[in-house]
Amino acid sequence: MTEAHKRFTRQLAVSYDFSTSCMDIQHSVGGDFMAKKQAALAAQQEISGMERLALRVSSMINHPVAQAQRWVTIHRLDTDGDREWEEVLGVIAETDELELTLNDDGSVTVRWEQQEVDVAGRGEVEFQPEEEAAPF
């Protein structure tokens, strides 16, 4: 997994955790605490739109073909919400090692360079393997 992809995944996780915490606070404030808590637990068991989009983008970036060519085109699906789509694009755009290109058809192309890694302080440079199974 490239350093850029690791940072992208961490940023998405932080963003998702913040959104989930806000939802938990909203559900726990109010009159009927138990009913709202049960509804929140049921909602947490289902995958959110943000989580689904983050998993799809992560899977596309981790795909062996994308890793070999060091680019991937991501199309927005009808099920991707405006807020989720903009948030994921923002995280990609903020990641230094990733180059984001907005295409005319509404899709985005993400490109990255192969990362070099210093081998255990010996001063030798080797290329970091970029194929790794998605964490889901």
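A residue counts as buried when its relative accessible area is under 20%. With that in hand, strand β1 is a good place to start in this predicted model. Its side chains, along residues 71-74, take turns: Val-72 and Ile-74 point to one face and are buried, while Trp-71 and Thr-73 point to the other and are not.

Stepping back to the whole chain, the 136 residues of the protein include 29% that are buried. The secondary structure adds up to five helices and five strands. Read from the N terminus, the elements go α-α-α-α-β-α-β-β-β-β. Now for the contacts between residues at least 6 apart in sequence: 59% of them join residues at least 24 apart. As for the surface, the chain exposes about 8,700 Å², and carbon and sulfur atoms supply 54% of that.

Back to β1 and its neighbours. Three strands make up an open sheet, in the order β1-β3-β2, with antiparallel pairing. The edges of the sheet are β1 and β2 (98-102), each of which pairs on one side only. On average, and ignoring direction, neighbouring strands here are turned by 20 degrees against each other. In general, the strands of a sheet pair through backbone hydrogen bonds, and they can do so in a parallel or an antiparallel way.

The pairing can be followed residue by residue. Strand β3 covers residues 108-112, and four bridges join it to β1, with the two strands running antiparallel. At one of these bridges, Trp-71 has Arg-111 as its partner. Thr-73 is partnered with Thr-109, and Ile-74 stands opposite Val-108. On the other pairing, β2 and β3 are linked by five bridges, again in the antiparallel sense. Leu-98 stands opposite Trp-112 there, and Thr-101 stands opposite Thr-109. Thr-109 therefore turns up in both pairings, standing opposite Thr-73 of β1 and Thr-101 of β2. How much of β3 is buried? Four of its five residues are, so the strand is mostly covered.

Strands β2 and β3 also form a hairpin, with five residues between them. Gly-106 sits in the turn and has a positive phi of about 95 degrees. Most residues other than glycine have a negative phi. Arg-70 goes the other way: its phi is positive, about 60 degrees, although it is not a glycine. Where does Arg-70 lie? Its place is the loop between α4 (64-69) and β1. With a relative accessibility of 28%, Arg-70 counts as partly exposed, because that label covers values between 20% and 50%.

Two helices pack together and also touch the sheet. Helix α3 (residues 49-62) and helix α5 (residues 82-94) meet at an angle of about 45 degrees, and their axes are 9 Å apart. That angle is why α3 counts as oblique to α5. The crossing of the two helices is right-handed. On the α3 side, the residues taking part are Gly-49, Met-50, Leu-53, Arg-56 and Val-57. They meet Glu-84, Trp-85, Glu-87, Val-88 and Ile-92 of α5.

Then there is the sheet itself, where the strand pairing is antiparallel in the order β1-β3-β2. Here α3 packs on the sheet, touching β1 and β3, and its direction makes about 150 degrees with that of β1. Helix α5 lies across β1, β2 and β3, and runs at about 135 degrees to β2.

The loop between β1 and α5 is worth a look too. Gly-81 lies in this loop and is partly exposed, with a relative accessible area of 24%. Which glycine is paired with Gly-81 in a C-alpha distance of 7.0 Å? That is Gly-49, which is 32 residues away along the chain. Gly-49 is also one of the α3 residues that meet α5. Leu-77 belongs to the loop between β1 and α5 as well. Its relative accessible area is 40%, so Leu-77 is partly exposed. In sequence, Leu-77 and Ser-107 are 30 residues apart, while in space their C-alpha atoms are 9.6 Å apart.

Definitions and conventions
Residues are numbered from 1 along each chain as its sequence is written. This is a predicted model: local features need pLDDT of at least 70, side-chain atom pairs count only at pLDDT 80 or more; totals for chains, interfaces and linings use all residues. Side-chain values use heavy atoms; hydrogens and water are left out. Buried means under 20% relative accessible area, exposed over 50%, partly exposed in between (1.4 Å probe, protein chains only). Contact means heavy atoms within 4.5 Å. Accessible areas come from the Shrake-Rupley method with a 1.4 Å probe; for residues, only the protein chains shown count as cover. Axes are lines fitted to C-alpha atoms, for helices over the stretch in contact, and angles run from 0 to 180 degrees between N-to-C directions. Angles under 35 degrees count as roughly parallel, over 145 as roughly antiparallel, 65 to 115 as roughly perpendicular and the rest as oblique. A crossing is left-handed if the near helix is turned anticlockwise from the far one by less than a right angle, and right-handed if clockwise.
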